[in-house]
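Please look over the sequence and the model below before reading on. The account that follows goes through the helices, the packing between them and the charged pairs.

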Amino acid sequence: MENMVSKAAAVKVIEDQIKWYTDQLDKQAQDLHLMEQRFRYNDQRGIDDSITLDGLILYKQDYTTRRARQIAVLAELLDVKGALERL
């Protein structure tokens, strides 16, 4: 009985972590989209803003790297969850 409770608690922790990483991926995608929209809007109107093309490119590179790492962590969490559920 105690092992089942421990297993259920471990699965819950993993599920919470999966949700957190998924939420972060969604939030970062929204942030990038908003930044791109703001850059285009300001660029079309000739508005000088703190967002430059170079800054946007660097942000996209960082976003891509961060996203790849988070997806790798998510894959590992899903593997762990699957292994726990098979116990």
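The paragraphs below take up the helices and the core first, then the salt bridges, and last a residue towards the end of a helix.

This is a predicted model, and two of its elements, helix α1 (residues 2-45) and helix α2 (53-86), carry most of the description here. Helix α2 has 34 residues and spans 49 Å from its first C-alpha to its last, which is close to the 50 Å expected at 1.5 Å a residue. Along α2, the buried residues are L56, Y63, Q70, L74, L77, K81, G82 and L84.

The largest nonpolar core consists of seven residues, namely V11, I14, I18, L25, L74, L77 and L84. Helices α1 and α2 are the elements that give two or more residues to this core, and α1 gives the most, with four. The surroundings of one core member, L84, can be followed in some detail: leaving aside its neighbours within four places in sequence, L84 is in contact with K7, A10, V11 and I14.

The charged side chains add a further set of links, and the count of salt bridges comes to seven. One of them joins E15 to K81, with the closest N and O atoms 3.4 Å apart; because E15 lies in helix α1 and K81 in helix α2, this pair ties together parts that are 66 residues apart in sequence. E15 is partly exposed, at a relative accessible area of 33%, whereas K81 is among the buried residues of α2. E15 and K81 also belong to a network of salt bridges that includes E85.

A second link between the helices is formed by K60 and E36, whose closest N and O atoms are 2.7 Å apart; since K60 lies in helix α2 and E36 in helix α1, the pair ties together parts that are 24 residues apart in sequence. Here K60 is partly exposed, at 36% relative accessibility, while E36 is buried, with a relative accessible area of 14%.

What separates K27 and D31 along helix α1? Being four residues apart in that helix, K27 and D31 are separated by about one helical turn, and their side chains meet in a salt bridge at 3.0 Å, N to O. K27 counts as partly exposed at 45% relative accessibility, and D31 likewise counts as partly exposed, at 29%.

Finally, N42 lies in helix α1 and is buried, because its relative accessible area is 10%, under the 20% that marks a buried residue. Apart from its neighbours within four places in sequence, N42 is in contact with I47 and D49.

Key
Residues numbered from 1 in each chain as written. Predicted model: local features only at pLDDT ≥ 70, side-chain atom pairs only at ≥ 80, totals over all residues. Heavy atoms only, no water. Buried < 20%, exposed > 50% of the residue type's maximum accessible area, 1.4 Å probe, protein only. Contact = heavy atoms within 4.5 Å. Core = buried A, V, L, I, M, F, W, Y, C linked by side-chain atoms within 4.5 Å. Expected span 1.5 Å × (residues − 1). Salt bridge = Lys/Arg side-chain N within 4 Å of Asp/Glu carboxyl O.
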